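Please look over the sequence and the model shown here. Then read on for a short tour.

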Amino acid sequence: MYVPLARKYRPSRFSEVVGQEVPVRVLKNAVKEGRVANAYLFAGPRGVGKTTLARVFTKALNCLNPEEGEPCGECENCKEIERGSFPDLVEIDAASNRGIDDIRALKENVSYAPLKGEYKVYIIDEAHMLTREAFNALLKTLEEPPPRTVFILCTTEHERIPPTIVSRCQRLLFRRVQEDLIVDHLKNVCSKEGIEAEERALKTVARVSEGCLRDALSLLDQVSVFSEGKVTSQAVEEVLGIVGEEKIFEFMEKLFRGDVEGCIAFLRDIYFKGYNLMRFWESLESELSNLALYKALKDPAKVIEVKEHYKRFQDIPLERILYLETLVNRGKVDARTRDSLKAFELAIVKSSLVGEVLSLGEVVKRIQNATQQVNDREGEKEVKKNLTADTTKLF
Ligand SMILES: Nc1ncnc2c1ncn2[C@@H]1O[C@H](COP(=O)(O)OP(=O)(O)OP(=O)(O)O)[C@@H](O)[C@H]1O
Ligand SMILES: [Mg+2]
Ligand SMILES: [Zn+2]
C-alpha cells in the first residue's frame, strides 16, 4: 500500500523534528526532570509539527526505557502509541466533537486512572472549534485534573481560544519552518526514497510551501509521481502552474525596456495557458524588490540570494526599479478588487507613462550638460559673429 510521504516521515523522536527548537526543548526537559504541566497549548500554523510533537511527547511520557527524555521507539508502549492503539492516549478532533456533550463524555473518561502507562494524555486537535459551553465545561478539568493526566490543546487559531483557557495552559508557540531547513529535510527524504531531485526544484517546493512541512512533502509526492521519480524544476513548475525564473526575468527585461505590447502579450499567454497569474505577479514583485536591494546594498549577499540574472540589469537605475516595484505592488492590491488580468495589464500601461525615472543626481548632471552645450553653442555663435565681422571688414 502506498503511504504518503508526509505520513511516512512523521518524526517519532524529538531529535527528528525539524525546527521548533523551543517546544522541543521545553517538552524534552519536562520529561527529563519529571516536571510535567497539566495542560499545554500548542499554537501555530498548519503542518508544522503540533500533532507530531504531541505524539512524541506522549511516547516520551510513557516509554518504558526513555533515554535523556527521548522515547526508545522499541518498547510496547512506544509501539502502541505509534500504531494508534495505546489505551491511555485519547485524540479528539474538536472540529467534529465540539459540543458540551462531547466534553462531558471526555470528563467522564478523565476520572479513570491510566490503564497501562504512566500518563493519560488527551490531545484536542483544532481546539479553537470548541463551543463556549464546551470551553466552560473544560475549565475546571484543566484547573484541577486528576494526577498523571495531561491535556494538549492544538490550534492554528490561537486568538480564538478564550483567555481563561489560555491562562491555565503552558503555551508553546510553533513557527513556520525555515526554507533552508525544509530543503534539507526534502533532500533527506529524497535520498531515502531514491528520488532524484534538482536543488532548485526543492527550493521552489520549499518556497511555495510557506513554512508548512506537510505541504512541502505532499508537493514532493505529487511532483515525483508526475515526473516518474525525477524531480526537476520544470516538473515542479508544471505541477504547480508556476512560471519559471528564466521567464520572470525575460518579462522584467521587457518591462524595463518599456515594451508594453510585449508585456501584455506575455501576461495573456500565461493566463490562457492556465498558469497561476497571481503567483507570477508576486514572484515578479519579489524579484524587483530583491533587485533593488542588490543595487542599493554594498554586500547584498548578506541579505538576499544574489542571482546570476541580476547582472543583466546592471545599467537600470535604482529609481526606475523602485518605481516599477511600487507599480507592481499597487497592481497586486488592485487585483483583490477586480479581475487580476485587468489589474496587471493596467499596471503595465501605467509603467509606460513615465518613460524614464532619473535620480536627482542624474537630472542635475543632464542639466549641467545641456547648459554646457548651450554655452558652447553661444560661444560658437560669438566666434562666428566675430569671424563674419572680421571677414566683412576684409572687404
Ligand atoms: N517540524 C516538523 N519536523 C518534521 N516533520 C514535520 C514537521 N512538521 C510537520 N512535519 C510533517 O508534516 C506532517 C504533518 O505534521 P503535523 O500533523 O504534526 O502538523 P500540525 O502542526 O499538527 O498541523 P495541523 O495544524 O494541520 O494539524 C508530519 O507527518 C510530518 O511528516
Ligand atoms: Mg495537527
Ligand atoms: Zn519506549
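The report below goes from the whole chain to its domains, its ligand, its cores and a few single residues.

## The whole chain

This is a predicted model. The protein chain holds 17 helices and seven strands. Its C-alpha trace spans about 130 × 50 × 40 Å along the principal axes. A compact globule of 395 residues would have a radius of gyration near 21 Å. The protein chain has 31 Å instead.

Buried residues make up 30% of the 395 residues. Now take the contacts with a separation of 6 or more. Of these, 75% join residues that are 24 or more positions apart.

## Four domains

The domain assignment gives four stretches: domain 1 (5-173), domain 2 (179-240), domain 3 (245-353) and domain 4 (360-395). How far apart are the C-alpha centres of domain 3 and domain 4? They lie 44 Å apart.

## Around ligand 1

The shell around ligand 1 has 22 residues. Arg10, Gly49, Lys50, Thr51 and Thr52 come nearest. By type, the shell divides into 10 nonpolar, seven polar and five charged residues.

Three helices each supply at least two residues of this shell: H1 (5-8), H3 (50-62) and H10 (213-226). Which domains does ligand 1 lie between? Domain 1 (5-173) and domain 2 (179-240) both give residues to the shell, so ligand 1 lies between them.

## Two nonpolar cores

In soluble globular proteins, nonpolar side chains tend to be buried together. Here, the largest nonpolar core has 60 residues. Those with the most contacts inside this core are Phe42, Ile124, Ile152, Leu153, Val205, Ala216 and Leu220. The core draws at least three residues from each of domain 1 (5-173) and domain 2 (179-240). Apart from this core lies another, of 22 residues. Among its members are Leu267, Trp281, Leu288 and Ile321.

Valine 205 shows the larger core at the scale of one residue. Leave aside its neighbours within four places in sequence. Valine 205 is then in contact with Leu186, Ala216, Leu219, Leu220 and Val236.

## The loop after helix H3

Two residues stand out for a closer look in the loop between H3 and H4. Leucine 64 lies in this loop. Leucine 64 has 13 C-beta neighbours inside 10 Å, so it counts as partly exposed. Beyond the four nearest places in sequence, leucine 64 is in contact with Cys75, Glu76 and Asn77. Leucine 64 and glutamate 76 are 12 residues apart in sequence. Their C-alpha atoms are 7.9 Å apart in space.

Glutamate 68 lies in the loop between H3 and helix H4 (76-83) too. Is glutamate 68 buried or exposed? It has 10 C-beta neighbours inside 10 Å, so it counts as exposed. Its phi is near 50°, a positive value in a residue other than glycine.

## Glutamate 126

Glutamate 126 is found in the loop between strand S3 (120-125) and helix H6 (132-143). Its phi is near 50°, again a positive value in a residue other than glycine. Glutamate 126 has 19 C-beta neighbours inside 10 Å. A residue needs 20 or more to be buried. Glutamate 126 therefore counts as partly exposed.

## Three residues in helices

Valine 166 is found in helix H7 (residues 163-166). With 16 other C-beta atoms within 10 Å, valine 166 is partly exposed. Not counting residues up to four places away in sequence, valine 166 touches Leu41, Ile161 and Arg171. Serine 15 is 151 residues away along the chain, and the two C-alpha atoms are separated by 28 Å.

Aspartate 184 lies in helix H8 (residues 179-193). It is partly exposed, with 14 other C-beta atoms within 10 Å. Lysine 203 is 19 residues away along the chain from aspartate 184, and their C-alpha atoms are separated by 9.6 Å. Arginine 257 has its place in helix H12 (residues 245-257). With 11 C-beta neighbours inside 10 Å, arginine 257 counts as exposed. Isoleucine 316 is 59 residues away from arginine 257 along the chain, yet their C-alpha atoms are separated by 9.7 Å.

Methods. Residues are numbered from 1 along each chain as its sequence is written. Chains are lettered from A and ligands numbered from 1 in the order in which they are written. This is a predicted model: local features need pLDDT of at least 70, side-chain atom pairs count only at pLDDT 80 or more; totals for chains, interfaces and linings use all residues. A nonpolar core is a set of buried Ala, Val, Leu, Ile, Met, Phe, Trp, Tyr and Cys residues joined through C-beta atoms within 7 Å. A residue is buried if 20 or more other C-beta atoms lie within 10 Å of its own, exposed if 12 or fewer, and partly exposed in between; C-beta atoms are placed from the backbone. Domain bounds come from an automatic or database domain assignment. Two residues are in contact if their C-beta atoms, placed from the backbone, lie within 7 Å. A residue is near a molecule or strand if its C-beta atom, placed from the backbone, lies within 6 Å of it. Helices (H or I, at least four residues) and strands (E, at least two) are DSSP runs, numbered from the N terminus. Ala, Val, Leu, Ile, Met, Phe, Trp, Tyr, Cys and Pro count as nonpolar, Asp, Glu, Lys and Arg as charged, and the others, Gly among them, as polar. The radius of gyration is taken over C-alpha atoms; the globule rule is 2.2 Å times the number of residues to the power 0.38.
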